[in-house]
Amino acid sequence: MNAQMAMSSPDYYVTAGDIYSLAFIMGTTPVSYGITVDSTYKIRVANLGIINAAGLSFLQLKSQVESLVSKNYPMGGVQFVLASPAVFYIKVSGVVSSSTEVKTWALSRLSSVVKPYLTSYSSTRDVQVISSDGTKKSYDLFLAERYGDFSNNPYLRPGDNIIVSEAKRKVRIDGAVKRPGVYELLDGENLNALVEKYGDGLTPYADTSRIDLLRITNEPEAGKMYYFKDDAIKSDISIDAYDYVKI
């Protein structure tokens, strides 16, 4: 875990287990302290006062510590640094390869922790994080990865539990689209969204006179091949779980 990265990032929040180093001149005497953050987040700054660091970023805490010391020792030359960032464990469960606890730190995002444990049946559109206070939020990792919506890929905090849901409709699109691959459709999304939104549109030389759709599940149609023309995209034909579309 990189202390320099944490100190330079506005996104690094004070975390239980952090170890800070405080140094300043008390009159003519140099003093230094090691400060460890416990679960109360109450930080004693030498004999000068106590700061509640809960919810503060490192930069905000640094500003408060420096202000408190400078108020008492204007010529103190205060220095406050993060010596060792905290590490903590996050629980991962649900539709994953195995339920586990992952060692991480306060600049780890949801995707980096959960991705190694996803299976072909895991949803990336409904990944729940339950925080230590019981607050539950759902995140869509597709939006984070495709569009850079990092509100759907949050930094994790101590006590978070990750629960991965089962994917409702995963389908594959291949051939003359800009982004072939396997995608998880949301309710109400069908062929038009699969081609235009997920596949990012047709390539310039796409031949839409024949669109193949292989139905993998949904008896008694399982294994049946359907053939459509380009009007199928406009009319937004229905797509079932595990369908394979090729253009």
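Buried means under 20% relative accessible area, exposed means over 50%, and partly exposed is in between. The exercises below use these cut-offs on a predicted model.

**Exercise 1. Classify Asp140 as buried or exposed, and find what surrounds this residue.**

Step 1. Locate the residue: Asp140 sits in the loop between β9 and α4.

Step 2. Apply the cut-off. The relative accessible area of Asp140 is 7%, so Asp140 is buried.

Step 3. List the neighbours. Setting aside residues up to four places away in sequence, Asp140 touches Thr124, Arg125 and Asn152.

Step 4. Look for polar partners. The side chain of Asp140 makes a polar contact of 2.7 Å with the side chain of Arg125.

**Exercise 2. Decide what kind of pair Arg125 and Asp140 form, and which parts of the chain the pair links.**

Step 1. Use the distance criterion: a salt bridge needs a side-chain nitrogen of Lys or Arg within 4 Å of a carboxyl oxygen of Asp or Glu. The closest N and O atoms of Arg125 and Asp140 are 2.7 Å apart, and the two form a salt bridge.

Step 2. Place both ends. Arg125 belongs to strand β8 (residues 122–130), while Asp140 lies in the loop between β9 (136–139) and α4 (141–147); the pair links distant parts of the chain, 15 residues apart.

Step 3. Check the accessibility of the partner. Arg125 has 8% relative accessibility and therefore counts as buried.

Step 4. Set the pair in context: the whole structure contains eight salt bridges.

**Exercise 3. Describe the salt bridge of Glu189 and state how accessible each partner is.**

Step 1. Name the partner. The side chain of Glu189 meets that of Lys197 in a salt bridge, with 2.8 Å from N to O.

Step 2. Classify Glu189: its relative accessibility is 12%, so Glu189 counts as buried.

Step 3. Classify Lys197: its relative accessibility is 27%, so Lys197 counts as partly exposed.

**Exercise 4. Trace the salt bridges around Arg215.**

Step 1. Start with one pair. Arg215 forms a salt bridge with Asp240, and their closest N and O atoms are 3.3 Å apart.

Step 2. Locate the ends. Because Arg215 lies in strand β13 (residues 211–215) and Asp240 in the loop between α6 (231–235) and β15 (244–246), the pair ties together parts that are 25 residues apart in sequence.

Step 3. Classify the two residues: both Arg215 and Asp240 are buried.

Step 4. Extend the search. Arg215, Asp240 and Asp243 are linked in a network of salt bridges.

**Exercise 5. Find which residues make a nonpolar surface patch of about 290 Å², and examine Tyr242.**

Step 1. Name the members: Tyr121, Ile216 and Tyr242 make the patch.

Step 2. Locate Tyr242, which is found in the loop between α6 and β15.

Step 3. Classify Tyr242. At 32% relative accessibility, Tyr242 counts as partly exposed.

**Exercise 6. Place Lys91 and identify its contacts.**

Step 1. Lys91 is part of strand β6 (residues 88–94). Its relative accessibility is 46%, so Lys91 counts as partly exposed.

Step 2. Compare sequence with space. Lys91 and Val102 are 11 residues apart in sequence, and their C-alpha atoms are 6.5 Å apart.

Step 3. List the contacts. Apart from neighbours within four places in sequence, Lys91 is in contact with Thr100, Glu101, Asp160, Asn161 and Ile162.

**Exercise 7. Determine which residues of helix α5 are buried and what covers them.**

Step 1. In α5 (residues 191–198), the buried residues are Leu191, Ala193, Leu194, Val195 and Tyr198.

Step 2. The cover over these residues includes β8, α4, β11 (170–174), β12 (181–184), α6 and β15.

Step 3. Look past the helix: Asp200 follows α5 and has a positive phi, near 65 degrees.

**Exercise 8. Describe the overall form of the protein.**

Step 1. Count the elements: there are six helices and 15 strands.

Step 2. Compare with a globule. A compact globule of 247 residues would have a radius of gyration near 18 Å, whereas the protein has 26 Å.

Step 3. Read the dimensions. The C-alpha trace spans about 85 × 35 × 25 Å along its principal axes.

Step 4. Turn to burial and surface. Of the 247 residues, 42% count as buried. The protein exposes about 13,000 Å², of which carbon and sulfur atoms supply 51%.

Step 5. Consider the contacts with a separation of 6 or more: residues 24 or more positions apart account for 55% of them.

Note on methods: Residues are numbered from 1 along each chain as its sequence is written. This is a predicted model: local features need pLDDT of at least 70, side-chain atom pairs count only at pLDDT 80 or more; totals for chains, interfaces and linings use all residues. Side-chain values use heavy atoms; hydrogens and water are left out. Helices (H or I, at least four residues) and strands (E, at least two) are DSSP runs, numbered from the N terminus. Buried means under 20% relative accessible area, exposed over 50%, partly exposed in between (1.4 Å probe, protein chains only). Patches are made of residues with over 30% relative accessible area and no salt bridge: like charges are joined within 9 Å, nonpolar side chains (Val, Leu, Ile, Met, Phe, Trp, Tyr) within 5 Å. Accessible areas come from the Shrake-Rupley method with a 1.4 Å probe; for residues, only the protein chains shown count as cover. Contact means heavy atoms within 4.5 Å. A polar contact is a pair of N or O atoms within 3.5 Å; within protein, one must be able to donate a hydrogen and the other to accept it, and residues adjacent in sequence count only if both atoms are side-chain atoms. The radius of gyration is taken over C-alpha atoms; the globule rule is 2.2 Å times the number of residues to the power 0.38.
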